[in-house]
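Grab a pencil and work through a few exercises on the model shown here. Each task comes with a solution that goes step by step.

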Amino acid sequence: MKKMLLKVVIPFYKENIATWERAALDNNLRMLSAYPICFLYPRGLNMEKYAQAHPQAELVEVSPDWLGTKRGIQG
């Protein structure tokens, strides 16, 4: 039987998130802590506070044309 590989990818498209979004993020990261976590974000977005709060998460920067404030989550 093959071992399934899984990585949890969480897209960010804005720097500040609502209190309830932050609570959901924290809860999801706790629940999924057995898996590798990746924060996907558009170039130019300041991810410092999320990187400090969740150092286990890998940061992956992408083009702002693909994911960002212009396109939002539809990107």
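## Exercise 1: a pair within one helix

Arg22 and Asp26 sit four residues apart, about one turn of the helix, and both belong to helix 1 (residues 19–31). A quick note before going on: this is a predicted model, where local features need pLDDT of at least 70, side-chain atom pairs count only at pLDDT 80 or more, and totals for chains, interfaces and linings use all residues. Residues are numbered from 1 along each chain as its sequence is written, and side-chain values use heavy atoms, with hydrogens and water left out.

**Task.** Work out what joins the side chains of Arg22 and Asp26, and say how exposed Arg22 is and how exposed Asp26 is.

**Solution.**
- Step 1: start with the rule, which asks for a side-chain nitrogen of Lys or Arg within 4 Å of a carboxyl oxygen of Asp or Glu; that is a salt bridge.
- Step 2: the side chains of Arg22 and Asp26 meet in a salt bridge, at 3.7 Å from N to O.
- Step 3: sort by relative accessible area (buried under 20%, exposed over 50%, partly exposed in between, with a 1.4 Å probe and protein chains only). Arg22 is partly exposed at 26%, and Asp26 is partly exposed at 25%.

## Exercise 2: the other salt bridges

**Task.** How many salt bridges does the structure hold, and which parts does the pair Glu58 and Lys7 tie together?

**Solution.**
- Step 1: the count for the structure is three salt bridges.
- Step 2: one of them pairs the side chains of Glu58 and Lys7, with 2.7 Å from N to O. Glu58 lies in strand 3 (residues 58–62) and Lys7 in the segment before strand 1 (8–11), so this pair ties together parts that are 51 residues apart in sequence.
- Step 3: check the exposure. Glu58 is partly exposed, with 36% relative accessible area, and Lys7 is partly exposed too, at 43%.
- Step 4: Lys14 forms a salt bridge with Glu21, where the closest N and O atoms are 3.8 Å apart. Lys14 is partly exposed, with a relative accessible area of 30%.

As background, side chains of opposite charge can pair when their charged atoms come close.

## Exercise 3: the chain as a whole

**Task.** Write down the order of helices and strands along the sequence, then find what share of the chain is buried.

**Solution.**
- Step 1: count two helices and three strands. These are DSSP runs (H or I over at least four residues for helices, E over at least two for strands), numbered from the N terminus.
- Step 2: along the sequence, the pattern reads β-α-β-α-β.
- Step 3: of the 75 residues in the chain, 27% are buried.
- Step 4: take contacts (heavy atoms within 4.5 Å). Among those between residues at least 6 apart in sequence, 58% join residues at least 24 apart.

## Exercise 4: His54

**Task.** Is His54 buried or exposed, and which residues is His54 in contact with beyond its neighbours within four places in sequence?

**Solution.**
- Step 1: place His54 in the loop between helix 2 (48–53) and strand 3.
- Step 2: at a relative accessible area of 8%, His54 is buried.
- Step 3: leaving those sequence neighbours aside, His54 is in contact with Leu25, Asp26, Leu29 and Phe39. Asp26 turned up earlier, in the salt bridge with Arg22.

## Exercise 5: the largest pocket

**Task.** How much space lies in the largest pocket, and which element gives the most to its lining?

**Solution.**
- Step 1: set up a 1 Å grid over the protein atoms alone. A pocket is an open set of points where a 1.4 Å probe fits, with protein on both sides within 12 Å along at least five of seven lines; lining residues have an atom within 4 Å of a point.
- Step 2: the volume is the space filled by probe spheres set on the points, with grid points joined across faces, edges and corners. For the largest pocket this comes to about 220 Å³.
- Step 3: read the lining, which includes Ile10, Phe12, Trp20 and Leu25. Lys14 and Glu21 also line the largest pocket, and these two form a salt bridge.
- Step 4: strand 1 and helix 1 each supply at least two lining residues, and helix 1 gives the most, with five.

## Exercise 6: two loop residues

**Task.** Where do Ser33 and Gly44 lie, and what separates the C-alpha atoms of Ser33 and Val8?

**Solution.**
- Step 1: Ser33 is in the loop between helix 1 and strand 2 (37–42), and is exposed at 56% relative accessible area.
- Step 2: the C-alpha atoms of Ser33 and Val8 are separated by 9.5 Å, with their positions 25 residues apart along the chain.
- Step 3: Gly44 lies in the loop between strand 2 and helix 2, and counts as exposed at 73%.
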